[in-house]
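Got the viewer open? Here is a walk through the model, one selection at a time.

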Amino acid sequence: CLLAPLRRHIGDRELVIAPTGELHGLPWAALPSLAGRPFTVVPSTGAWLHAREPRRTDGHVVLVAGPDLDHAGRELAALRRLHPHAIVLDGADARAERVRDAMDGAELVHIAAHGEFREGNPLFSRLRLADGPLMVHDLDELTAPPRRIVLSACDIGRAGEGDAVLGMAGALLSLGTATVVAAVAPVRDAATPDFMTAFHTALAAGLSPARALAGAPRAPGVTGFLCLGAG
């Protein structure tokens, strides 16, 4: 219903989707017409153009594992092989303030943690870390937000109804992050490490985030992950 009338116009091109209202929370990758197609979801056309502006970073990579997440250790072990010089924060080292400070100026950040979207108060959405939550308002302390960030957590890509800027992903984009990969639905621990390994392998090989995400095999438990911002 959404895309079939446009098929002859869009062909096989990469898509930029600027939804409205409740469609901000749609797991777009679940649509059969988008299976295997690179696309990115943005709050607005202006936000997409802003996300595509050149950004300088110091090139470092940050890998984070939050507590009580069964798959986090396996997920980070695979990513460390792709990024052997990354800053790795896990166990007691994955404290909220230390993670936020490590994010500053990063080229790429990957956080595997429990996420919580606060319905009705999305600015209090959070990632659970070793000493407590990393919240949306904590991100205001960043001097230079990471260029790309992957939030491997349930629901943390969701936004306030009708306002995609309200939420952790929207806040990062408004601060200047170019691309956020995050889920707008619950994810299954067992399926996430293989999916994230495939995504990061393609990203390290030079594919754009949208193309890397489109090419990663998707089990039902990881359908909610979207590329937000600049694809």
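A residue is called buried under 20% relative accessible area, exposed over 50%, and partly exposed in between, using a 1.4 Å probe and protein chains only. Keep in mind that this is a predicted model, where local features need pLDDT of at least 70 and side-chain atom pairs count only at pLDDT 80 or more, while totals for chains, interfaces and linings use all residues. Residues are numbered from 1 along each chain as its sequence is written, and side-chain values use heavy atoms, with hydrogens and water left out.

**Stop one: the cysteines.** Select Cys 227, which counts as buried at 1% relative accessibility. Now add Cys 154, which is partly exposed with a relative accessible area of 23%. Are there disulfides to draw, and how many? The whole structure has zero, a disulfide being a pair of cysteine sulfur atoms within 2.5 Å. For Cys 154, the nearest cysteine sulfur is that of Cys 227, 19 Å away.

**Stop two: Ala 210.** Stay with Cys 227 and show what touches it from helix H7: Ala 210 sits in that helix and has Cys 227 among its contacts. Helices here (H or I, at least four residues) and strands (E, at least two) are DSSP runs, numbered from the N terminus, and contact means heavy atoms within 4.5 Å. Leaving out residues up to four places away in sequence, Ala 210 also touches Glu 14, Pro 38, Phe 39 and Gly 231. Ala 210 is buried, at a relative accessible area of 2%. Try a distance to Val 181 as well: 29 residues separate the pair in sequence, and C-alpha to C-alpha they are 9.0 Å apart.

**Stop three: helix H6.** Select residues 192-204. H6 has 13 residues and spans 18 Å from first C-alpha to last, close to the expected 18 Å at 1.5 Å a residue; that expectation is 1.5 Å times one less than the number of residues. Colour its buried residues: Thr 192, Pro 193, Phe 195, Met 196, Phe 199, His 200, Ala 202 and Leu 203. They pack against helix H3 (72-82), strands E5, E9, E10 (179-183) and E11 (225-229), and helix H7 (209-215). Just past the end of H6, check Gly 206, which takes a positive phi of about 110°.

Now zoom in on His 200, in H6, buried at 1% relative accessibility. Which side chain does His 200 meet in a polar contact? That of His 110, at 2.9 Å. A polar contact is a pair of N or O atoms within 3.5 Å; within protein, one must be able to donate a hydrogen and the other to accept it, and residues adjacent in sequence count only if both atoms are side-chain atoms. Beyond His 110, the residues touched by His 200 include Leu 79, Leu 82, His 83, Leu 108 and Val 150.

**Stop four: strand E5.** Follow His 110 into E5 and select residues 108-112. Five of the five are buried, so E5 is largely enclosed by the rest of the structure. Leu 108, His 110 and Ala 112 point one way, with Val 109 and Ile 111 pointing the other way.

Next, show the neighbours of E5. Two strands pair if DSSP finds at least two bridges between them. E5 pairs in the parallel sense with strand E3 (residues 61-65) over five bridges, and it pairs with strand E9 (residues 148-152), also parallel, over five bridges. Pick Ile 111 to see both: Val 64 stands opposite Ile 111, and in E9 its bridge partner is Leu 151.

**Stop five: an open sheet.** Three strands run in the order E6-E7-E8 with antiparallel pairing. E6 (115-116) and E8 (132-135) stand at the edges with a single partner strand each, so one side of each is left without a neighbour in the sheet. Helix H4 (residues 96-103) packs on this sheet, touching E7 and E8, and its direction makes about 30° with that of E8; axes are lines fitted to C-alpha atoms, for helices over the stretch in contact, and angles run from 0 to 180 degrees between N-to-C directions.

**Last stop: two aspartates.** Select Asp 68, in the loop between E3 and H3. Its phi is near 60°, a positive value in a residue other than glycine, and Asp 68 is exposed at 61% relative accessibility. Then jump to Asp 155, in the loop between E9 and helix H5 (168-175). Here phi is near 65°, but Asp 155 is buried, with a relative accessible area of 18%.
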